[in-house]
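Let's take a walk through this model together, one region at a time. Have the sequence and the coordinates open as you read.

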Amino acid sequence: MSIHLLLVDDDRTFASLAATVLRHEGFRVTLAHSLHDARAALGRQAPEVVVLDRRLPDGDGIHFLPELRAQFPDTAVMMVTAHGDIASAVDAIKQGARDYLSKPVELDDLVLRARRAAADLQLHERLRQAESELGGRRRLLRPRAPAMVSALQMIERIATAPRSPVLITGETGAGKEVLARHLHNVQGGQGPFVHVNCAALPSSLVESELFGHERGAFTDARAARRGLVEVADGGILFLDEIGELPLSLQAKLLTFLDQGAFRRLGGTAELSSNARVVTATNRDLTREVAEGRFREDLYFRLSVFRVEIPPLRQRREDVLPLAESLLVELCAELGRRPVDFSAAAKSRLERYPFPGNVRELRNVLERALVLEPGPALELQALEPRGPPGPMAVDPDAFVVGGPPRALDDVERLYVKHVLGRLEGRRMEAAKVLGLSYPTFLRKLDEP
């Protein structure tokens, strides 16, 4: 996403230098030296970011701000004010400016804030795309399996209690995010849907990413930053892999759940967000609590409503309709003419256990659409390869067959099973399983 930035400043020397630096950072920069020039530039192309000086030859930038916001409500505006003119800065923020800079403007600070504005724009664009994709995903949420029908009915009842937390459990790839997005849709789609993979957040930045930080809170914190809790205000904050959240942050999350209030890292002001927290995990959190890796009080708070998604192998009546819906979606994404399954492919779909659940099904179909040129897909990759061995065990065999096993043993067998199917490619196996690489290694090597 190439960001178009309009810089409105009558200091031509500063404007030229700033434009050079911003272009070097990848921005497409248009210069204007007056409100008249700014209106002309806006008439030619809508910018994603505007840096607007207050003192201009033909008017006050703050008085122009309402006009700009009315015409381009999604544009991020950064107001430039005189040093120490706090009243003007506050007025600008009240009228819709995203941020403000004080003169003399430091180029490093300008670049940092422009990057942050660009990152926020890209985040909102991904959210909009996700919401548009939801229309296509709705058809995936018409299951036949009684357990899945029951899960969806529960989601529709939960939607009537918009602040209560929800915990979605199920195996990796079973569709926990899809169910969370369905809840967002049933609630009316109000506010953003913010997806956070707790396992992917660097441990040193988790608090800043979730709750934001104030300027100077740590090295390189040159500007205040909103956290994802604030970004999700009025919508849903989906915390995937909640079991990976560090113990040090679990208390702060509990406080937010109880009070709807939080503080940014390095800040003293109490802020609020009306985001609904939806969490997901493939772990047994009761065991995590017993072993001291997860707070008991947080577990009880998160599981006010608990919804479990059964694995795909336990809802085989959903496999073929789901595959047909995914096939239509993938054909559109890949620009391929609509195709169908051969009779043999349908039989393979009905027999295959899908240890990777819906995620594996989608991957199989995407691969087939790329590699199989015929008018009907055969899905020969779903055929067993040679005699069954320890790495080719049907997950049902060790989940529901034979004597009961400890959950850790089952998880380790499943991780090895997926690794075997991917011919030892560890990074790819971790991605398919939806695990961070360190977590994957730990599960693989546990005694």
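**Rings, strands and a sheet**

F300 comes out at a relative accessible area of 52%, so this residue is exposed. Keep in mind that we're looking at a predicted model. Right next door in the sequence, Y299 has a relative accessible area of 9%, which makes it buried. The cut-offs doing the work here are under 20% for buried and over 50% for exposed. The two rings pair up as well: their centres are 5.5 Å apart and their planes meet at 55 degrees, so the pair is tilted.

That pair belongs to a wider set, as the structure has 5 aromatic pairs. Another one brings together F193 and F238, again tilted, with 5.9 Å from centre to centre and 35 degrees between the planes. Here the partners come from distant parts of the chain, 45 residues apart: F193 sits in strand β9 (residues 193-197) and F238 in strand β10 (residues 236-240). F193 and F238 are both buried. There is also an aromatic cluster, made up of F211, F256 and F262. F256 has a charged visitor too: the charged end of R163 sits over its ring, 5.9 Å from the centre.

Back to β10, which deserves a slower look. How many of the residues of β10 are buried? The count is 5 of the 5, so this strand is largely enclosed by the rest of the structure. In a regular strand, side chains alternate between the two faces of the sheet. In β10, I236, F238 and D240 point one way while L237 and L239 point the other, and all are buried.

What does β10 pair with? One partner is β9, joined to β10 in the parallel sense over 5 bridges. Within that pairing, H195 has F238 as its bridge partner. Strand β13 (residues 276-281) also runs parallel to β10, with 4 bridges between them. On that side, L239 stands opposite T279.

Now over to T439, which lies in helix α19 (residues 437-445). Its relative accessibility is 6%, so T439 counts as buried. Which residues does T439 touch once its neighbours within four places in sequence are left aside? They are E244 and R283. With E244 there is a side-chain polar contact of 2.9 Å.

Finally, swing round to the start of the chain and an open sheet. Its 5 strands are arranged in the order β2-β1-β3-β6-β7, with parallel pairing. At the edges stand β2 (28-32) and β7 (99-102); each has a single partner strand, so one side of each lacks a neighbour in the sheet. From one strand to the next, the twist averages 20 degrees.

Inside this sheet, β3 (residues 49-53) and β6 (residues 76-81) are paired in the parallel sense over 5 bridges. If you want a register mark, V50 has V77 in β6 as its bridge partner. Helix α1 (residues 12-24) packs on the sheet, where it touches β1 (4-8) and β2, and its direction makes about 170 degrees with that of β2. Helix α2 (residues 35-44) lies across β1, β2 and β3, and runs at about 165 degrees to β1.

Terms used:
Residues numbered from 1 in each chain as written. Predicted model: local features only at pLDDT ≥ 70, side-chain atom pairs only at ≥ 80, totals over all residues. Heavy atoms only, no water. Pairing = 2+ DSSP bridges. Helix = DSSP H or I, 4+ residues; strand = E, 2+ residues; numbered from the N terminus. Axes fitted to C-alpha atoms, helices over the stretch in contact; angles between N-to-C directions. Contact = heavy atoms within 4.5 Å. Phe/Tyr/Trp six-rings, centres within 6.5 Å; stacked < 30°, edge-to-face > 60°. Buried < 20%, exposed > 50% of the residue type's maximum accessible area, 1.4 Å probe, protein only. Lys NZ or Arg CZ within 6 Å of the ring centre and 35° of its normal. Polar contact = N/O pair within 3.5 Å; in protein donor to acceptor, adjacent residues only side chain to side chain.
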